[in-house]
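Please consider the structure shown below. The paragraphs that follow lead through its strands, its charged pairs and its cysteines.

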Amino acid sequence: MENDILEFIKSCVENRRIFWTHHVNVRLKERYIPAEAILSTLDSYEIIEEYDENRYFPSYLIYTEYRYEVIHILIAVDRENCNVRIVTSYKPTIEKWEIDFKTRRVL
């Protein structure tokens, strides 16, 4: 199932079936993350957390790498309408994530 979701997300991003939330547009600018970091890194996408019970759509935290930096992308999936919503993106920190940046630290 996870692989199916990941392929769906990649397909939507590749085919630009994307809605960019206002929140992510603000955060990308604040965090100096270019949209290209989301659009051009499909090969390294990996689901690291799932939020099936999100209010509107199931969401997935994606790990990816862009120019030797790790980026996390929160993506909501709307299968019925065949698109995704980019909710937010950030560069994970070692204070909150293990060294692999795929596992949350237990605080």
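Glu-46 has Tyr-63 in β3 as its bridge partner. In this predicted model, local features need pLDDT of at least 70 and side-chain atom pairs count only at pLDDT 80 or more, while totals for chains, interfaces and linings use all residues. Residues are numbered from 1 along each chain as its sequence is written, and side-chain values use heavy atoms, with hydrogens and water left out. The strands β2 and β3 run antiparallel and are joined by five bridges; two strands pair if DSSP finds at least two bridges between them. Strands here are DSSP runs of E with at least two residues, and helices are runs of H or I with at least four residues, both numbered from the N terminus.

On its other pairing, β3 meets β4 in the antiparallel sense over eight bridges. Within this pairing, Glu-65 stands opposite Val-70 in β4. The hairpin of β3 and β4 has two residues between the strands, and Arg-67 takes a positive phi near 50° there. β3 is mostly covered, with seven of its eight residues buried. Buried means under 20% relative accessible area, exposed means over 50%, and partly exposed lies in between (1.4 Å probe, protein chains only).

Strand β2, residues 46-51, also contains Glu-49. Glu-49 is buried, at a relative accessible area of 16%. What does Glu-49 contact, leaving aside its neighbours within four places in sequence? Its contacts are Ser-59, Tyr-60, Leu-61, Trp-97 and Arg-104, where contact means heavy atoms within 4.5 Å. The side chains of Glu-49 and Arg-104 are joined by a polar contact of 2.7 Å. A polar contact is a pair of N or O atoms within 3.5 Å; within protein, one must be able to donate a hydrogen and the other to accept it, and residues adjacent in sequence count only if both atoms are side-chain atoms. From Glu-49 to Tyr-63 the C-alpha distance is 9.2 Å, with their positions 14 residues apart in sequence.

Side chains of opposite charge can pair when their charged atoms come close. A salt bridge is a side-chain nitrogen of Lys or Arg within 4 Å of a carboxyl oxygen of Asp or Glu, and by this rule the count comes to nine salt bridges. One of them joins Arg-67 to Glu-36, with the closest N and O atoms 4.0 Å apart. Arg-67 lies in the loop between β3 (59-66) and β4 (69-78) and Glu-36 in helix α3 (residues 36-39), so the pair ties together parts that are 31 residues apart in sequence. Arg-67 is exposed, with a relative accessible area of 60%, whereas Glu-36 is partly exposed at 40%.

Strand β4 takes part in another salt bridge, in which the closest N and O atoms of Glu-69 and Lys-91 are 3.6 Å apart. This pair links distant parts of the chain, since Glu-69 is in strand β4 and Lys-91 is in the segment after β5 (83-90), 22 residues apart. Glu-69 is partly exposed at 37% relative accessible area, and Lys-91 counts as partly exposed at 31%.

A further salt bridge is found within a helix: the side chains of Glu-7 and Lys-10 meet at 4.0 Å, N to O. Glu-7 and Lys-10 are three residues apart in helix α1 (residues 2-14), which means that about one helical turn separates them. Glu-7 is partly exposed, with a relative accessible area of 42%, but Lys-10 counts as buried at 18%.

The cysteines remain to be considered. A disulfide is a covalent bond between the sulfur atoms of two cysteines. The cut-off applied is a pair of cysteine sulfur atoms within 2.5 Å, and a search of the whole structure finds zero disulfides. Why is the sulfur of Cys-12 not bonded to the closest cysteine sulfur? That closest sulfur, in Cys-82, is 4.8 Å away, which is too far for a bond. Cys-12 counts as buried at 0% relative accessibility, whereas Cys-82 is partly exposed, with a relative accessible area of 34%.
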